[in-house]
Amino acid sequence: MIQRQTILLVDDEIHHLKVLIKAFLNDYRVLFARSGDEALQLVQQDAPDLIVLDVMMPEMDGYRLLELLRRDAALRQVPVIFLTGRDTEADERRGLEMGAVDYWTKPVSIDIARIRARNHLELKRHRDLLAKLAITDPLCNIANRRGFEDYLAREWRCAARAGQPVSLLMIDIDFFKAFNDHYGHPAGDQCLRQVAALIGSALSRPADLAARYGGEEFVCVLPETAAEGALVLANRVRDAVANSALMHGDSPLGERLTISLGVATLKPSTANEPADLIERADRALYDAKKAGRDRIAV
Ligand code: GH3
Ligand code: MG
Ligand code: MG
Ligand code: MG
């Protein structure tokens, strides 16, 4: 099902607002605000897909509000349409140059406003979809390597500010080449999907992220998690795979599918970076492999 998109309507004059609300209520989720301040509060709770913004309002005007939105990384992408009585070419140029996607002058034709809004929302939907695809692994439907790296960079900065550690699990399926050779590539793909789902279900906090790092390797980012906590999570992931029905009939370790895990923890500082955490987890994984696989190394 396609989710309803959200429009935020901002105008200090109630009768203008009422006309707009009526125009969009049937097709969209409609939020409205009668001042810039009120609008700012709303968008912080719930980023809309489109904002129709009156220019002339007491206290904070539309220009100022757009400026504030553009400073916020999470709100920068929200398309804004100016709606105003100021209809000179200079006014329109200013609004468009500030980054408004459209400029409507009052009185606005409701029919035209609906069509224009629909077109902008269509673009927004496509852009959101592309942004999501860019960070999603299509086989396993979890974050891909780019999604992982973006997420780790963001959480790294938060952890640096908060003085908190970040932990990383690096996970690799044991003898997966033999699995493919034994069961065939489609079964290998299915196995990767199942392992991804098991890893995801072993994570507990909303801030924990599971991603496919590449091939048959997965990573888990565990923000605000110290070494002991990371080890608990690593054991939970290992148990989830061990207790699943996943078999590996050609594994030198026995009948069951097994994984090896590397665990690393770092507190962000001026002397380190996310790549150091990845390198440590990778080295730990290598140790787990060398020590015989089907185990966790730190
Ligand atoms: P080790 O225990 O040392 O990790 O051995 P391994 O066989 O798992 O490691 P290796 O790196 O030699 O092989 C990884 C295998 O993963 C080879 C490759 O065909 C398979 N693989 C990588 N990506 C995919 C995929 O998307 N689908 C399937 N079916 N297999 C994949
Ligand atoms: Mg006004
Ligand atoms: Mg590998
Ligand atoms: Mg492997």
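Here are some short exercises on this predicted model, each with a worked solution.

**Exercise 1: the overall picture**

Find how many helices and strands the protein has, and compare its radius of gyration with that of a compact globule.

*Solution.*
- Start by counting elements: you should get 10 helices and 12 strands.
- Next, take the radius of gyration, which is 25 Å for the protein, while a compact globule of 298 residues would come out near 19 Å.
- Now look at the box that the C-alpha atoms fill along the principal axes: roughly 75 × 45 × 30 Å.
- Finish with burial: 35% of the 298 residues count as buried.

**Exercise 2: contacts along the chain**

Take contacts between residues at least 6 apart in sequence, and work out what share joins residues at least 24 apart.

*Solution.*
- Set aside any pair that is not at least 6 apart in sequence.
- Of the contacts you keep, 62% join residues at least 24 apart.

**Exercise 3: getting to know strand 11**

Decide whether strand 11 is mostly covered or uncovered, then sort its residues by the way they point.

*Solution.*
- Strand 11 spans residues 259-266, and 8 of its 8 residues are buried, so call it mostly covered; here buried means 20 or more other C-beta atoms within 10 Å.
- Pointing one way you'll find Ile259, Leu261, Val263 and Thr265.
- Pointing the other way are Ser260, Gly262, Ala264 and Leu266, and both sets are buried.

**Exercise 4: the partners of strand 11**

Which strands pair with strand 11, and in what sense?

*Solution.*
- Try strand 6: its pairing with strand 11 is antiparallel, over 8 bridges. For a landmark, look for leucine 168 opposite alanine 264 of strand 11.
- Then try strand 12 (residues 296-297), which pairs with strand 11 in the parallel sense over 2 bridges.
- Follow the chain from strand 11 through helix 10 (residues 274-290) to strand 12, and you trace a left-handed β-α-β crossover.

**Exercise 5: a hairpin**

How many residues lie between strand 9 and strand 10?

*Solution.*
- Locate strand 9 at residues 247-251 and strand 10 at residues 254-256; they pair in the antiparallel sense over 2 bridges.
- Spot serine 251, which stands opposite glycine 254 in strand 10.
- There are 2 residues between the two strands, and together the strands form a hairpin.

**Exercise 6: around ligand 1**

Describe the shell of residues around ligand 1.

*Solution.*
- Count first: 17 residues surround ligand 1, and the closest are Asp174, Phe176, Lys177, Gly188 and Gly215.
- Sort the shell by type: 6 nonpolar, 4 polar and 7 charged.
- Last, ask where they come from: strand 6 (166-173), helix 7 (176-183) and helix 8 (185-202) each supply at least two.

Technical notes:
Residues are numbered from 1 along each chain as its sequence is written. Chains are lettered from A and ligands numbered from 1 in the order in which they are written. This is a predicted model: local features need pLDDT of at least 70, side-chain atom pairs count only at pLDDT 80 or more; totals for chains, interfaces and linings use all residues. A residue is near a molecule or strand if its C-beta atom, placed from the backbone, lies within 6 Å of it. Helices (H or I, at least four residues) and strands (E, at least two) are DSSP runs, numbered from the N terminus. Ala, Val, Leu, Ile, Met, Phe, Trp, Tyr, Cys and Pro count as nonpolar, Asp, Glu, Lys and Arg as charged, and the others, Gly among them, as polar. The radius of gyration is taken over C-alpha atoms; the globule rule is 2.2 Å times the number of residues to the power 0.38. A residue is buried if 20 or more other C-beta atoms lie within 10 Å of its own, exposed if 12 or fewer, and partly exposed in between; C-beta atoms are placed from the backbone. Two residues are in contact if their C-beta atoms, placed from the backbone, lie within 7 Å. Two strands pair if DSSP finds at least two bridges between them. A crossover is right-handed if, with the strands pointing away from the viewer, the path from the first strand over the helix to the second runs clockwise.
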